[in-house]
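Student: I've got a protein model to look at and I'm not sure how to read it. Could we go through it together, one question at a time?

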Amino acid sequence: MIVGYIFNTEETAILTSTFLATGFLLFSDVILPLESMSPLLGWLAHYNPFVVTSTVLRKTLVLNATIGTFWQDIVTLIIYCVIAIGIMVVAHNNMKKHTI
């Protein structure tokens, strides 16, 4: 939704969201392990929302971990959600001002 509010045309929004999703996927631990990345890229990829979510799922499904072992990852995801909602509200209000 953030991308849809930022760009004017549907084609640009779809292209940008596809590019962002591909970037998140490429800089995740699904294709290339974080340990084999350079230290800076590995550190940045560690905070990728895709990596955080896959880590929580892996700990839950494979390791049968309790919420006490991955509560920091859940807090990180909640912070990402709050930031995304804040950006959407600002973009929506900005779009309402320009259309009236």
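Student: Which residue forms a salt bridge with Lys59?
Tutor: Keep in mind that this is a predicted model. Side chains of opposite charge can pair when their charged atoms come close. Here the closest N and O atoms of the pair are 3.4 Å apart, and a salt bridge needs them within 4 Å. The partner of Lys59 is Asp73.

Student: How many salt bridges does a search of the whole structure find?
Tutor: You've already met the pair of Lys59 and Asp73. Going through the whole structure, the search comes up with a total of 1.

Student: How many residues apart in sequence are the parts that this pair ties together?
Tutor: Look at where each partner sits. Lys59 belongs to helix α4, residues 49–61, while Asp73 belongs to helix α5, residues 71–99. The salt bridge therefore links parts whose separation in sequence is 14 residues.

Student: Is Asp73 buried or exposed?
Tutor: Let's set it beside its partner. Lys59 has 23% relative accessibility, so it counts as partly exposed. For Asp73 the relative accessible area is 15%, and the cut-off is under 20%. That makes Asp73 buried.

Student: Which residues does Asp73 touch, leaving out those up to four places away in sequence?
Tutor: One of them you know from the salt bridge, Lys59. Asp73 itself lies in helix α5. Its full set of contacts, with those sequence neighbours left out, is Val52, Thr55, Val56 and Lys59.

Student: What about Thr16, is it buried or exposed?
Tutor: You'll find Thr16 in helix α2, which covers residues 10–26. Beyond residues up to four places away in sequence, it touches Val3 and Phe7. Its relative accessibility is 19%, and the limit is under 20%, so Thr16 counts as buried.

Student: How far apart are the C-alpha atoms of Ala84 and His46?
Tutor: Start with Ala84, which is in helix α5 and is partly exposed at 26% relative accessibility. Along the chain, Ala84 and His46 are 38 residues apart. In space, their C-alpha atoms are separated by 18 Å.

Student: And what separates the C-alpha atoms of Ile87 and Thr76?
Tutor: Ile87 is in helix α5 too, and its relative accessibility of 38% makes it partly exposed. Ile87 and Thr76 are 11 residues apart along the chain. The distance between their C-alpha atoms is 17 Å.

Student: Zooming out, how many helices and strands does the protein chain have?
Tutor: Walk along from the N terminus and the elements read α-α-α-α-α. Counted up, that's 5 helices and 0 strands.

Student: What is the radius of gyration of the protein chain?
Tutor: For 100 residues, the globule rule gives 13 Å. This chain is well over that, so it is more spread out than a compact globule. Along its principal axes, the C-alpha trace spans about 55 × 30 × 25 Å. The radius of gyration is 17 Å.

Student: What share of the residues is buried?
Tutor: Take the outside first: the accessible surface of the chain is about 7600 Å², and 74% of it belongs to carbon and sulfur atoms. Now for the residues, of which the chain has 100. The buried share is 18%.

Student: Last one: how far apart do the centres of the positive and negative side chains lie?
Tutor: Count the charges in the protein chain and you get 4 positive and 5 negative side chains. Each set has its own centre, and the distance from one to the other is 13 Å.

Terms used: Residues are numbered from 1 along each chain as its sequence is written. This is a predicted model: local features need pLDDT of at least 70, side-chain atom pairs count only at pLDDT 80 or more; totals for chains, interfaces and linings use all residues. Side-chain values use heavy atoms; hydrogens and water are left out. A salt bridge is a side-chain nitrogen of Lys or Arg within 4 Å of a carboxyl oxygen of Asp or Glu. Helices (H or I, at least four residues) and strands (E, at least two) are DSSP runs, numbered from the N terminus. Buried means under 20% relative accessible area, exposed over 50%, partly exposed in between (1.4 Å probe, protein chains only). Contact means heavy atoms within 4.5 Å. The radius of gyration is taken over C-alpha atoms; the globule rule is 2.2 Å times the number of residues to the power 0.38. Accessible areas come from the Shrake-Rupley method with a 1.4 Å probe; for residues, only the protein chains shown count as cover. Lys and Arg count as positive and Asp and Glu as negative; His and the chain ends are not counted. The place of a charge is taken as NZ of Lys, CZ of Arg, CG of Asp or CD of Glu.
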